[in-house]
Amino acid sequence: MNACAKMAILGRLRAAVEGVGPAGFPRPAPAQGLRRAGAGAADFAVFAGALTALGPTFELARTPDEARAAVAGAVARHEVRTAVAWDHPDLAAVGAVAVIEGAGASVLSPDDLPGRACPSLAAVDMGITGVAYALGATGSLILTAGPSMPRSAALVPRLHLALVARSRLLPDLPALCDRLAGGPMPSAVNCVTGVSSTGDIEFVYVRGVHGPLAVHVIGLDWL
């Protein structure tokens with residue numbers, strides 16, 4: 001780029017910033033305040049709409065029996081033979097490990113994994129987790145790492161099955177920030193929105209490059 005062209009471009013940018021440029025240039029706009037935390041709805045209808053628009057699937061279970069049937073159905077549909085399960089109260093409320101084993105799959109505890117867990121988890125069909133929170137506005141799953149709840153369980157197997165209790169629904173990201181600010185931070189917080197995908201190479205959309213090929217969420221309406 002020669003000096004004349006550079007000066008012409010900078011001149012147009014300065015004119016646009018000052019509000020005197022030609023039509024089509026952006027004009028200065030007043031600053032927008034952040035939306036008040038908790039101003040949106042936090043229910044499964046809103047959450048499911050945002051979630052499924054991004055690729056994951058959703059099932060609402062109104063009772064523990066419906067939840068167990070949904071877990072068994074996911075195991076059958078995805079031909080799961082091996083799974084790794086978080087030690088999480090919402091999984092315990094459903095008896096998820098017993099359901100998976102009853103469906104014919106073997107279940108690993110995170111404590112059974114070697115020090116370098118990711119290579120081992122790459123051969124596991126499904127990771128089943130709870131969530132810390134779920135965001136209605138974006139359909140995001142908020143996963144906090146902790147003892148017996150490694151983040152790799154949700155990120156490495158080809159299927160991520162997440163159980164979301166109604167009590168864990170939040171409206172949006174500002175509401176999540178308020179919750180996280182109220183206590184000690186975990187070692188890691190993952191905000192999972194949609195299935196793993198990329199279009200970096202020649203704009204070809206590919207799933208499963210950086211994480212699971214599929215995400216299925218079961219809403220626990222009674223918890």
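I take a disulfide to be a pair of cysteine sulfur atoms within 2.5 Å, and with that cut-off I began my reading of this structure, which is a predicted model.

**Cysteines**

I searched the whole structure for disulfides, and the search returned zero. I then asked why Cys177 is without a bond to Cys191. The closest cysteine sulfur to that of Cys177 belongs to Cys191 and lies 9.6 Å away, which is too far for a bond, since a disulfide needs the two sulfur atoms within 2.5 Å. Looking from the other end, I noted that Cys191 is in no disulfide either, with the sulfur of Cys177 as its nearest cysteine sulfur. I also looked up accessibility: Cys177 counts as partly exposed because its relative accessibility is 45%, and Cys191 counts as partly exposed at 47%.

**The sheet**

I next followed the strand order and found an open sheet of six strands, running β1-β12-β7-β4-β2-β3 with parallel pairing. The edges are formed by β1 (57-61) and β3, each of which pairs on one side only. From one strand to the next, I recorded an average twist of 20°.

At the β1 edge, I found that β1 and β12 pair in the parallel sense over five bridges, and that Ala61 stands opposite Leu220 of β12. Helix α2 (residues 44-52) packs on the sheet with contacts to β1, β7 and β12, and its direction makes about 160° with that of β1. Helix α3 also packs on the sheet, where it touches β1, β4, β7 and β12, and its direction makes about 170° with that of β12.

Towards the other edge, I looked at strand β2 (residues 82-85), which is joined by three bridges to the parallel strand β3 (residues 106-108). Here Thr82 has Ser106 as its bridge partner in β3. Three bridges also join β2 to strand β4 (residues 126-129), again running parallel, and in that pairing I found Ala83 opposite Met126.

**Asp125**

I then turned to Asp125, which is found in the loop between α6 (117-121) and β4. Is Asp125 buried or exposed? I list Asp125 as buried because its relative accessibility is 15%, and buried means under 20%. The side chain of Asp125 makes a polar contact of 3.4 Å with the side chain of Arg158. Leaving out residues up to four places away in sequence, I found that Asp125 touches Glu79, Val80, Arg81 and Thr82, as well as Pro157, Arg158 and Leu159.

**Nonpolar cores**

Last, I looked up the nonpolar cores, of which the largest has 23 residues, and those with the most contacts inside it are Ile100, Met126, Ile128, Leu163 and Ile218. At least two residues of this core come from each of α3 (64-77), β2, α4 (89-94), α5 (96-102), β4, β7 (159-165) and β12 (214-220). Which element gives the most to this core? I found that α3 does, with five residues.

For Ile128 I listed the contacts beyond four places in sequence: Val84, Ala85, Trp86, Leu91, Ala96, Ile100, Leu161 and Leu163. I also noted a second, separate core of 22 residues, which includes Leu51, Leu141, Leu143 and Val217.

Key:
Residues are numbered from 1 along each chain as its sequence is written. This is a predicted model: local features need pLDDT of at least 70, side-chain atom pairs count only at pLDDT 80 or more; totals for chains, interfaces and linings use all residues. Side-chain values use heavy atoms; hydrogens and water are left out. Two strands pair if DSSP finds at least two bridges between them. Helices (H or I, at least four residues) and strands (E, at least two) are DSSP runs, numbered from the N terminus. Buried means under 20% relative accessible area, exposed over 50%, partly exposed in between (1.4 Å probe, protein chains only). A polar contact is a pair of N or O atoms within 3.5 Å; within protein, one must be able to donate a hydrogen and the other to accept it, and residues adjacent in sequence count only if both atoms are side-chain atoms. Contact means heavy atoms within 4.5 Å. A nonpolar core is a set of buried Ala, Val, Leu, Ile, Met, Phe, Trp, Tyr and Cys residues joined through side-chain atoms within 4.5 Å. Axes are lines fitted to C-alpha atoms, for helices over the stretch in contact, and angles run from 0 to 180 degrees between N-to-C directions.
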